[in-house]
Amino acid sequence: MNERAHQLIQRLWDKTISADEFEELNAMMLADPQVRDLYYEYVSLEQGLKFHLSNASHKPGIPGLASFLLAMQSRRNRKIAMVSALAAMIVLGFALSLFFIDRSVDQINYKVTPGTIVQFSSSDERQTGEPGVFMVGTTMVISQGVVELDFESGVKSVVSGPAKLTLYAEDRLAMDYGTGWFRVPKEAVGFAVTTKELEVIDLGTEFGVISDLNEPDQVHVLDGSVKVKSLRGQRQELVLVRDQAVSVYPVGSFENLPAEDKYFLTSLPVVLPHLHFSFDQANDFVASNTIIGLKDFDYDYHGDRPVLENGVFGEAIHLNGKNNYLETNWPGILSNDPRSVALWMKMPKKRLVDEDADHFGDTIVGWGMQRDRNSFEAGIHSKWTLHMDYRRDRSPFLNISFGGVWYYADDIVLDNDQWNHIVVTYSGEKNKDGFPLVKLYLNAELIDVHPVRGAYVKPVSEQEVLIRTLEKTPVVMGATLSSESELNVREGMYLGAMIDELFIIEGVIGPEEVKSLMDSNKLP
């Protein structure tokens, strides 16, 4: 067996291994079962040594692990029973990571935006993942919201959820997924952020990292410089300077990108990030309190310019149902991330008529990738829309749709020419039956909704419902999404209604927030 493996494992145990040597050992263990066997023998011997020390610590001259090497060499051919290769890799990743945890560092100070949901866990038996404590060896999972981290070294970070962070040392943070902004003072040069695909080492800088479970990870340098290394395939390394950015290919090489600061929050917002259309100003429909990770947010109307009329709070937009709608440049809340949509709507009586039978529904607000029916065999539901389904003999159904799976609210009437406050939330979780966990509030009252699957979609019992809102049609209001690749919306299907105070919130709000939006037009 390669003597190099012995050297690296010994250095790992002595805690003198470098980051590059750690990567070398990790690759050897993944590739060679004998190296994994050797590692487990070290584990076994180390445990025995700990037992010996605990019973004979009063004796002088107790040797370290290095003195066991000769005995180890005589036993190299012995195999150690292991579970599956997958289990071995999981245990390996867990065990190796512990050696990079510096237990001497106190907890990291942090603050959160109201409405943020975080959970803590620890891989250390001495720690319990105590709520509110983020210290070395602890993992923080941000289900929704924003967290600001203040390191003793002076490093400051703002992380937008959903995100998963593990603190290995004062100067080493792992981000399995999430979007994080980092500002590193010169005294803390060398601070490192790792994702599943990248390692970013600061060289005196301000930078942002995007780690997405469904897309290549990215690093954007906003000032100074960083050293970035791919952790897979070719393991390419390079130095990036201000206004440079890259994403990583699956083969381990990089693709150049324009550096963008618009993806990153650099300070802690006072409420959950959201988009708010107030419609109070004829020259700007967006409220001044809008907070989303898109600094150059823009929108435009198509068709006739929408008319502003008296709304619930100030002015409201009147869509004519003939040719106008709003379209933004924001892709919306993607993947399986939690979301809430709140709005006031006033809609005149609407029924499906024979001469317009193809106009079977209209979208109030929506975004994502509309698929045709044949594409649902993969079970991925890739859009999010709130729309009205028309009927000949009754008021329209409110339809909350992810694609091939949607929710109906049967017993409510919305085409009554009255203002109604509608709030829909999706937590990113599933209910006991395997459907997306959705809640609907009408005028602050929780309303029963029931899930429906298209006849072209396999039953939930046969196929997992995968919610993965994909980027295609950006957030639109008053137009139906198109499944055609070159079109964002379907021609001729436009909503006729008045809309006021539209909120699209990055996270789930509860009854208190719903009531506050209805009564005072504010997130508490």
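**Exercise 1. Which residue in β22 stands opposite Gly-366?**

Step 1. Start with the ground rules: residues are numbered from 1 along each chain as its sequence is written, and side-chain values use heavy atoms, with hydrogens and water left out. This is a predicted model, where local features need pLDDT of at least 70 and side-chain atom pairs count only at pLDDT 80 or more, while totals for chains, interfaces and linings use all residues.

Step 2. Find the two strands. Strands here are DSSP runs of E with at least two residues, helices are runs of H or I with at least four residues, and both are numbered from the N terminus. Strand β20 covers residues 361-368 and strand β22 covers residues 383-389.

Step 3. Check the pairing. Two strands pair if DSSP finds at least two bridges between them; β20 and β22 run antiparallel and are joined by seven bridges.

Step 4. Read off the partner: Thr-385 in β22 stands opposite Gly-366.

**Exercise 2. Which strands stand at the edges of the open sheet, each with a single partner strand?**

Step 1. Write down the order. Eight strands make up this sheet, running β15-β18-β30-β20-β22-β23-β24-β28, with antiparallel pairing.

Step 2. Look at the ends. β15 (299-302) and β28 (450-453) each have a single partner strand, so one side of each has no neighbour in the sheet.

Step 3. Add the twist: from one strand to the next, the average is 25°. That angle belongs to axes, which are lines fitted to C-alpha atoms (for helices over the stretch in contact), and angles run from 0 to 180 degrees between N-to-C directions.

**Exercise 3. Work out how β19, β25 and β26 are joined, and what packs against them.**

Step 1. Take β19 (residues 339-346) and β25 (residues 419-430): eight bridges pair them in the antiparallel sense. Met-345 sits opposite Asn-420 in β25.

Step 2. Move on to β26 (residues 436-442), which pairs with β25 over six bridges, again in the antiparallel sense. Here Val-423 has Tyr-441 in β26 as its bridge partner.

Step 3. Look at the turn. β25 and β26 form a hairpin with five residues between them, and Gly-434 in the turn has a positive phi of about 90°.

Step 4. Bring in helix α6 (residues 511-520), where Val-514, Ser-516, Leu-517 and Met-518 are buried. Buried means under 20% relative accessible area, exposed means over 50%, and partly exposed is in between (1.4 Å probe, protein chains only). The buried residues of α6 pack against β19, β25, β26 and β33 (496-505).

**Exercise 4. Tilted or edge-to-face: what is the pair Phe-182 and Phe-191, and what is the pair Phe-277 and Phe-297?**

Step 1. Get the rule. Rings of Phe, Tyr and Trp (its six-membered ring) pair if their centres lie within 6.5 Å; planes under 30 degrees apart are stacked, over 60 edge-to-face, and the rest tilted. The count comes to 15 aromatic pairs.

Step 2. Try Phe-182 and Phe-191: at 6.1 Å centre to centre and 40° between the planes, the pair is tilted. Phe-182 is buried at 0% relative accessibility, and Phe-191 is buried at 1%.

Step 3. Now try Phe-277 and Phe-297. Their centres are 6.3 Å apart and their planes are at 65°, so this pair is edge-to-face. Phe-277 is in strand β13 (residues 274-281), while Phe-297 is in the loop between β14 (284-286) and β15, 20 residues apart.

Step 4. Widen the view: Phe-277, Phe-279, Phe-285, Phe-297 and Tyr-299 form one aromatic cluster.

**Exercise 5. Go hunting for unusual backbone spots.**

Step 1. Recall the background: most residues other than glycine have a negative phi, and most peptide bonds are trans.

Step 2. Check Phe-279 in strand β13. Its phi is near 65°, a positive value in a residue other than glycine, and Phe-279 is buried at 0% relative accessibility.

Step 3. Check Glu-501 in strand β33. Phi of Glu-501 is positive too, near 50°, and this residue is buried with a relative accessible area of 2%.

Step 4. Finish with a peptide bond: the one from Gly-161 to Pro-162 is cis, with omega near 0°. Pro-162 lies in strand β5 (residues 156-169).

Methods. Contact means heavy atoms within 4.5 Å.
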